[in-house]
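Please go through the model below and report on how its parts are put together. Keep it brief, and put like items in a table.

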Amino acid sequence: MDIEREVLDTDILIVGGGPAGLALAYHLATTVAADDSLDMPEVVVMEKASYVGGHALSGAVMDPRGLKELIPDYKDKGAPIEADVSGDSFYYLKENGSFKFPFMPPPLQNHGNQVVSLNKLCVWMAEQVEAAGIDVFAGLAGYDLLIEDGAVVGVQTVDLGLDKDGSQKPNFEPGSLIKAKVTILCEGVRGSLTRHAFERIPELCDGRIPQAYLTGVKEVWEVPGGRIKAGEVIHTVGWPQPSHEYGGGWIYGMSDTMVSVGYAVGLNTPDPTNDPHMKFQRYKTHPVVKKILDGGTMLHYGAKAIPDNGYYSVPKLYHDGLMLCGDSAGMLNPARLKGIHLAIKSGMMAAETLVDCIREGDFSISKLAGYQDRYDKSWVRDELYGTRNFHAGFDGGLWSGMFHGAVQMVTGGRGLFDRRPHREDHTYMLQKDEFKQRFGHEPDKKTVKLDNKFNHDKVTDVYKSGTMHEEHQPSHLVIADYDICNNRCTEEYGNPCQHFCPASVYNMVDDEDRPGRQKLELTPSNCVHCKTCDIADPYKIIRWVTPQGGEGPNYTNL
Ligand code: SF4
């Protein structure tokens, strides 16, 4: 059925109110305002969370370089910096012990950096954007990228008021078509519109190495005094991960009594039972971590995928009517575990390109190419180039990765090999039999008792993420073929979705129609929008699409 949709025209459409999109809006507004010869364009910033920052999640230790360029007096203006980094340490964890490295690898040295809550930073950045004259529309979710004659012309927003089966409820409101001269995708990691762009404009990814992802799982704890110092930064590798997996943990002192603790697991693992949430719960029981958290209270939870391959996975950054910024463009330094400063700078470079377009009254692709030129000459590109082979160096496991990382440091990022290929993460997952053949045992899905005081189950953690979804709407996890889930995947992989999802959205339950067999049951209302399932499903039959705007997690202090 054809649905009549309202068409809204604007000049510039920014999709996503994270650090990239907000930096873009702020830099555009302030640059235009400072030049009397320029007229302020119409700008729409859309953010799918119920408030700006509601879906923003990071560790986070921020390199302030980007924010300093954007707003030099950001401290005077009240930017929410939790603490300047006061000390760094790096541990290798074993199950029953630990080794503290006597030196910090240069990429992990954080002197001059700041511990922040990304979601609080986004709230503050949105206030600066609005004060500069640009409105940010929270609760507005993009459903489809509009492409006409090969050019991106805007976004269709999500229909509201559909029932689970897709039928229209009395409060049905069709999504609008927001048409713009330029659409800038700043959606964060694995954005659903960015995925549309990559699928429908293949040249964006021509010659690029597929992105490599981790899933990061995080809690914020209030702890008794004396456990950690404000600004103290601890990174760990090793336990509870086997050495063939990529990842590690962090503990950051947000204050003397507030701790960010988290664990990130590479999604190129061969293990079909990989469960980043359970690994994180086990991680907290290690003495290095437990002595900080014990007796404290968990306040907040969140999870998110992390784009981690860096330089060689950054796509072409523009197309006719389109630019890509921040995590949507994979701008994250994998060796430093940092992307906020790169996201901010990418938004600034996109804004400067748009100012050129406004000045010349020309928003054609040849003008948007100026964004790519700026990136190619920027410190963002140089920083990513300097760690271009970091993730690939860990393909052989932790120890060879540490070796390659050291060689890369003294060879300007090259290492022993350059541009080592990486397949899409899901292709590394082994079937149960293959895993047994390679490792000589079944996947050992180790667990820890979840008492919901120190170690939390997924549902309790989801509650602490503030996640809310209207139950009566179509599932935003679209499964192309349940028959594969309930039969083939059960036999071959053992339904990895029930493990890798950090929010208990995917559960295998008894199938009353097939005694002795199980079937997949979804609880989409638990989804914290981490995008892991969209990446890690081995059959590529799960697609994450946007639910109604204003839904999902409501992160605070994360
Ligand atoms: Fe993440 Fe997918 Fe689970 Fe949602 S359903 S929390 S996107 S893995």
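The report below covers domains, one interface, strand pairing, salt bridges and some backbone details.

**Domains**

This is a predicted model. The protein chain is divided into three named parts. Domain 1 takes residues 7–71 + 122–208 + 315–385. Domain 2 takes 81–117 + 212–307. Domain 3 is the stretch 438–544.

**Domain 2 against domain 3**

The centres of domain 2 and domain 3 are 24 Å apart, taken over C-alpha atoms. In the contact, domain 2 places 30 residues and domain 3 places 28 residues. About 2,600 Å² of area is buried between domain 2 and domain 3. Carbon and sulfur atoms give 65% of that area.

Charged and polar pairs also cross this interface. The rule finds two salt bridges between domain 2 and domain 3. Asp275 and Lys445 form a salt bridge, with 3.6 Å between the closest N and O atoms. Twelve residue pairs are in polar contact across the interface of domain 2 and domain 3, both residues at pLDDT 80 or more.

Which elements supply the side of domain 2 that touches domain 3? β14 (213–222), α5 (276–283), α6 (287–293) and β18 (297–307) each supply at least two residues. β18 gives the most to that side, with seven residues. By class, the side of domain 2 that touches domain 3 has 14 nonpolar, eight polar and eight charged residues.

**Strand pairing**

One open sheet has three strands, in the order β3-β7-β4, with antiparallel pairing. β3 (61–62) and β4 (81–84) stand at the edges with a single partner strand each, so one side of each has no neighbour in the sheet. β4 pairs with β7 (residues 114–116) over three bridges. Within this part of the model, Asp84 stands opposite Gln114 in β7.

β5 (residues 87–94) has pairings of both senses to report. With β15 (residues 232–238), the sense is parallel. With β6 (residues 97–100), the sense is antiparallel. A hairpin of two residues joins β5 to β6. Leu93 appears in both pairings. Its bridge partner in β15 is Gly238, and Leu93 stands opposite Ser98 in β6.

The table lists the strand pairs with their bridges.

| Strand pair | Sense | Bridges |
|---|---|---|
| β4 and β7 | antiparallel | three bridges |
| β5 and β15 | parallel | seven bridges |
| β5 and β6 | antiparallel | four bridges |

**Salt bridges in the whole structure**

How many salt bridges does a search of the whole structure find? The search finds 32. One pair is Asp63 with Arg336, at 3.1 Å from N to O. Asp63 lies in the loop between β3 and α2 (65–70), and Arg336 lies in the loop between β20 (322–324) and α7 (340–360), so this pair ties together parts that are 273 residues apart in sequence.

**Backbone details**

Some peptide bonds and one phi value deserve a look. The peptide bond from Gly59 to Ala60 is cis, with omega near -5°. Ala60 is in the loop between β2 (43–47) and β3. The peptide bond from Trp239 to Pro240 is also cis, with omega near 10°. Pro240 sits in the loop between β15 and β16 (247–253).

Arg419 is a residue other than glycine with a positive phi, near 55°. Where is Arg419 placed? Arg419 is in the loop between α11 (398–410) and α12 (432–439).

Methods: Residues numbered from 1 in each chain as written. Predicted model: local features only at pLDDT ≥ 70, side-chain atom pairs only at ≥ 80, totals over all residues. Heavy atoms only, no water. Pairing = 2+ DSSP bridges. Domains from an automatic or database assignment. Contact = heavy atoms within 4.5 Å. Buried area = accessible area lost by both parts, 1.4 Å probe. Salt bridge = Lys/Arg side-chain N within 4 Å of Asp/Glu carboxyl O. Polar contact = N/O pair within 3.5 Å; in protein donor to acceptor, adjacent residues only side chain to side chain. Nonpolar A, V, L, I, M, F, W, Y, C, P; charged D, E, K, R; others polar.
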